[in-house]
Amino acid sequence: MSTLIHPFHIPLSRRKLLHSLLLTTGGIITSSVYAEALALTPRATEGPYYPDHLPLDQDNDLTMILGGKAPANGVVTEFGGRLLNVDGKPIQDAVIELWQSDNNGCYIHSRGTQQGKERDPQFQGYGKIETNPKGEYRFRTILPGLYTGRTLHYHIRVKQNEKSMLTTQLFIAGIPQNDRDGILRSMGTEQQRLSVIREFKSMSAGSKELAATWDIVIGHTPEEPDQRGRGPGGPGGSPPRRRDSAALNEQNLQDLVLGPSPF
Ligand SMILES: [Fe+2]
């Protein structure tokens with residue numbers, strides 16, 4: 001493990017819960033399908049807000065920063081799963097990066113503050129984790145804030161041996177703006193798009209914290225720099241088709257997540 005990777009800043013009881021979550025819900029793909037080639041996770045543009053100044057705290061818990069006085073604002077989420085190759089084999093020692101907007105739709109980027117908004121200084125904005133021998137990774141963070149022109153999304157990059165293997169985005173099922181999001185609609189085949197729209201469910205009865213599983217499937221070839229910036233379609237992708245109607249069944253999610261829509 002890299003010395004740059006810190007554990008969650010969370011109590012032991014929480015760690016046990018996270019561990020059990022990983023064990024029970026850590027993957028959506030069973031060994032029975034390992035023999036078949038998996039659909040690659042589609043690429044997406046890295047967008048304009050990859051941090052131009054990385055934070056000192058870069059661990060996989062974005063809800064707290066080292067020395068921070070309070071947790072970040074927003075709805076706490078956790079997501080994780082396994083990093084797999086197309087043959088279904090777990091990939092260990094890869095680095096998975098996450099960067100996203102805070103609860104106000106602002107990024108930790110010198111041009112990442114949305115008009116009329118302020119960045120939440122308690123939100124880490126960027127984090128990373130190395131995959132373990134089972135290929136597992138996990139992040140604790142918040143629902144990204146909405147900003148004009150996009151649906152809610154997380155930015156993800158996978159690196160192996162310092163080389164970028166995949167730049168993509170993760171989406172939340174049930175968000176109405178998903179249907180109109182041009183980047184999501186341009187991502188690969190319908191099967192590939194479905195793979196990046198995950199259901200975030202309450203961690204336990206009565207909890208407002210949400211959790212999702214997401215397995216990431218990468219190929220063997222590093223990305224070219226222009227793929228990171230452009231990113232439409234993705235490996236093996238086809239022209240955009242009408243978006244699926246994936247899992248618009250998360251009751252109250254919209255009320256929980258969305259303030260006034262900019263659309
Ligand atoms: Fe973004």
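This passage walks through a predicted model of a protein with an iron ion, from its overall make-up to a few single residues.

The model is predicted, so local features need pLDDT of at least 70 and side-chain atom pairs count only at pLDDT 80 or more, while totals for chains, interfaces and linings use all residues. Residues are numbered from 1 along each chain as its sequence is written, and side-chain values use heavy atoms, with hydrogens and water left out.

To start with the whole chain, the secondary structure comes to five helices and 10 strands. Here helices (H or I, at least four residues) and strands (E, at least two) are DSSP runs, numbered from the N terminus. Of the 263 residues, 52% count as buried; buried means under 20% relative accessible area, exposed means over 50%, and partly exposed is in between, using a 1.4 Å probe and protein chains only. The accessible surface is about 12,400 Å², and carbon and sulfur atoms own 52% of that. These areas come from the Shrake-Rupley method with a 1.4 Å probe, and for residues only the protein chains shown count as cover. As for contacts (heavy atoms within 4.5 Å), residues 24 or more positions apart make up 78% of those with a separation of 6 or more.

Next comes the metal. The iron ion is held by Tyr107 (OH), Tyr147 (OH), His153 (NE2) and His155 (NE2), at 1.9 to 2.3 Å. Donors are N, O and S atoms within 2.8 Å of the metal (3.2 Å for Na, K and Ca), and water is not among the atoms, so sites may look incomplete. The four donor atoms subtend angles of 89 to 171° around the iron ion, which makes the arrangement irregular. For that label, the cut-offs run like this: four donors count as tetrahedral if all angles lie between 85 and 135 degrees; four count as square planar and six as octahedral if opposite donors are over 155 degrees apart and all others between 65 and 115; anything else is irregular. Along the sequence, the spacing of the donor residues reads Y-x39-Y-x5-H-x1-H. The two tyrosines link distant parts of the chain, 40 residues apart: Tyr107 sits in the loop between strand 2 (95-99) and strand 3 (126-130), and Tyr147 in the loop between strand 4 (136-142) and strand 5 (154-160). Both Tyr107 and Tyr147 are buried.

Now for the strands. Two strands pair if DSSP finds at least two bridges between them. One open sheet has five strands in the order 3-2-5-6-7, with mixed pairing. Strand 3 and strand 7 (197-198) stand at the edges with a single partner strand each, so one side of each has no neighbour in the sheet. Strand 2 and strand 5 run antiparallel over five bridges, and in strand 5 the bridge partner of Trp99 is the iron donor His155. Strand 5 is also joined to strand 6 by seven antiparallel bridges. Five of the seven residues of strand 5 are buried, so this strand is largely enclosed by the rest of the structure. Elsewhere, strand 1 and strand 4 pair in the antiparallel sense over seven bridges, with Glu136 in strand 4 as the bridge partner of Arg82. Both faces of strand 4 are covered: Glu136, Arg138, Arg140 and Ile142 are buried on one side, as are Tyr137, Phe139 and Thr141 on the other.

What about the nonpolar core? The term stands for a set of buried Ala, Val, Leu, Ile, Met, Phe, Trp, Tyr and Cys residues joined through side-chain atoms within 4.5 Å. The largest one has 38 residues, and Phe79, Ile96, Val158 and Ile216 touch the most other members. Strand 6 (163-172) is among the elements that give two or more residues to this core, and with five residues it gives the most. A second, separate core of seven residues includes Tyr49, Tyr50, Trp99 and Ile108.

Finally, two loop residues have an unusual backbone angle. Most residues other than glycine have a negative phi. Asp93, in the loop between strand 1 and strand 2, has a positive phi of about 60° although it is not a glycine, and at 46% relative accessibility Asp93 counts as partly exposed. Asn161 is in the turn of the hairpin formed by strand 5 and strand 6, which has two residues between the strands, and has a positive phi of about 50°. Asn161 is exposed, with a relative accessible area of 71%.
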